[in-house]
Amino acid sequence: MELKKFLEDKGTESALIEVFKAIEDASKVVQSEVSRAGLGADIYGAKGSENIQGEEQQKLDVYADECFIKEFRACGQLAGLASEEQDDALQFDESLNGEYVIMIDPLDGSSNIDVNVAIGTIFAVYKRVSEKGSGLEEGDFLQAGKHQIAAGYVNYSVSTQLVFSTGSGTHIFTLDPNSGEYRLINENVKFPADGKVYSINEVNLDDFDDNLKRYAQICKDKRKADGKRMYTGRYIGSLVADFHRNILKGGIYVYPATVDSPKGKLRLLYECNPMSFLAVNAGGKGSDGTQDILEIEPTELHQRCPFYVGSPVMMDEALS
Ligand code: P6P
């Protein structure tokens, strides 16, 4: 089943279906560039600029950001956008009657582009809180994750997949290269309750709090009845790729506060909230280590937080 029909059958508001069409169209353009990395188009390597995070922008980061902004402006249903690649939120003056705003990490894991490893676009959609037709306000963007109307990611990998939720289940679509359409392959995907994979960059082990150090050690020590190890480590360096494997096979992803990133590395609005929304809609959990991520009241557009997300049994054990 194709995306538009799936959304219509779910009774999705037509304005939101337009937003998904914009995501679909932009992701196809980005996918065609990603798949051509190194061939002609000069999209490898750093652009020579930095984003507000002080991170070196890869050319494809900026290209992806421009692609999504173009489609979001054109769809007419979005009053504005916040992006990892934009210091400030953007207002779309031509569509201030739009009832939604969107937050996006246009290309997460972009340092993996040059080594041909999976990367992803992550998005979160909210209803604006300011009056339709008026100018946007900070409060339109600084909303707790529990108010998300929709969230998802595009995983540019072996295949290109769109994983999203509009609040009733998490669903996986694959881009069919022959038809150029996203087609449903997994409706209502559920995190396996428990798992055998943990995704943590253990170079930061000494920075972990005692609880996380203990959990990491439990994962190393636990044995099955036959004496073989219970867990294995898988850390791709791309949140979307690690999350995607974990939601299908069971697992937990953790990016805690570290010396280099004392508030955590991942951003609340366009990484932790959308991934937690997907997790919760698939029976999983998302936390900053002390509270449900979706309850956090944001104070800044690009604020970071420690991030735990994954199978419920593993999450309970890691956070207990
Ligand atoms: P580190 C990519 O930059 C990212 O935001 C996530 O996709 C990924 O899981 C993490 O950072 C990797 O960070 O510090 O372990 O290289």
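This is a short exchange about helix packing and empty spaces in a predicted model.

Trainee: How do you know that H2 and H3 are roughly antiparallel?

Mentor: Helix H2 and helix H3 (residues 59-75) pack at an angle of about 155°, and their axes are 9 Å apart. Angles over 145 degrees count as roughly antiparallel. H2 and H3 are therefore roughly antiparallel to each other. The crossing of H2 past H3 is right-handed.

Trainee: Which residues of H2 and H3 make the contact?

Mentor: Contact means heavy atoms within 4.5 Å. On the H2 side the residues include Val19, Ala22, Ile23, Ala26 and Val30. On the H3 side they include Leu60, Tyr63, Ala64, Phe68 and Phe72. By class, the residues of the contact of H2 with H3 divide into 14 nonpolar, 1 polar and 4 charged.

Trainee: What makes H6 and H7 roughly parallel?

Mentor: The axes of helix H6 (residues 239-249) and helix H7 (residues 268-280) cross at roughly 15° and come within 12 Å. Angles under 35 degrees count as roughly parallel. H6 and H7 are therefore roughly parallel to each other. H6 passes H7 in a crossing that is right-handed.

Trainee: Which residues meet between H6 and H7?

Mentor: From H6 there are Leu239, Val240 and Phe243, and they meet Glu271, Met275, Leu278 and Ala279 in H7. This contact has 6 nonpolar residues, no polar ones and 1 charged. Glu counts as charged, and Glu271 is one of the residues in H7 that take part.

Trainee: Why is H5 called oblique to H8?

Mentor: Helix H5 (residues 210-221) and helix H8 (residues 312-319) have axes that come within 8 Å and cross at roughly 130°. Roughly perpendicular covers 65 to 115 degrees, and roughly antiparallel begins over 145. An angle of roughly 130° falls in neither range, so H5 is oblique to H8. In the contact, Asn211, Tyr215 and Ile218 in H5 meet Met314, Glu317, Ala318 and Leu319 in H8. Those residues divide into 5 nonpolar, 1 polar and 1 charged.

Trainee: Now the empty spaces. What makes a space a cavity, and how many are there of 30 Å³ or more?

Mentor: In a cavity, a 1.4 Å probe fits but cannot get out. By this rule there is 1 cavity of 30 Å³ or more. The volume of the largest cavity is about 30 Å³.

Trainee: Which residues line the largest cavity?

Mentor: Its lining is made by Leu3, Lys4, Leu7, Ile17, Phe20, Lys21 and Glu24. Helix H1 (3-9) and helix H2 (14-34) each supply at least two of the lining residues. H2 gives the most, with 4 residues.

Trainee: Why is part of that lining called charged?

Mentor: Lys and Glu count as charged, and the lining includes Lys4, Lys21 and Glu24. The division for the largest cavity is therefore 4 nonpolar, no polar and 3 charged.

Trainee: What is the volume of the second largest pocket, and which residues are the closest to its centre?

Mentor: The second largest pocket holds about 330 Å³ of space. It is lined by 17 residues, and the closest to its centre are Gln31, Val34, Ser35, Tyr156 and Ser157. By class, its lining has 11 nonpolar, 6 polar and no charged residues.

How values were computed:
Residues numbered from 1 in each chain as written. Predicted model: local features only at pLDDT ≥ 70, side-chain atom pairs only at ≥ 80, totals over all residues. Heavy atoms only, no water. Axes fitted to C-alpha atoms, helices over the stretch in contact; angles between N-to-C directions. Left-handed = near helix turned anticlockwise from the far one by under 90°. 1 Å grid on protein atoms, 1.4 Å probe; cavity = no way out; pocket = protein on both sides within 12 Å on 5 of 7 lines; lining within 4 Å. Points joined across faces, edges and corners; volume = space filled by probe spheres on them.
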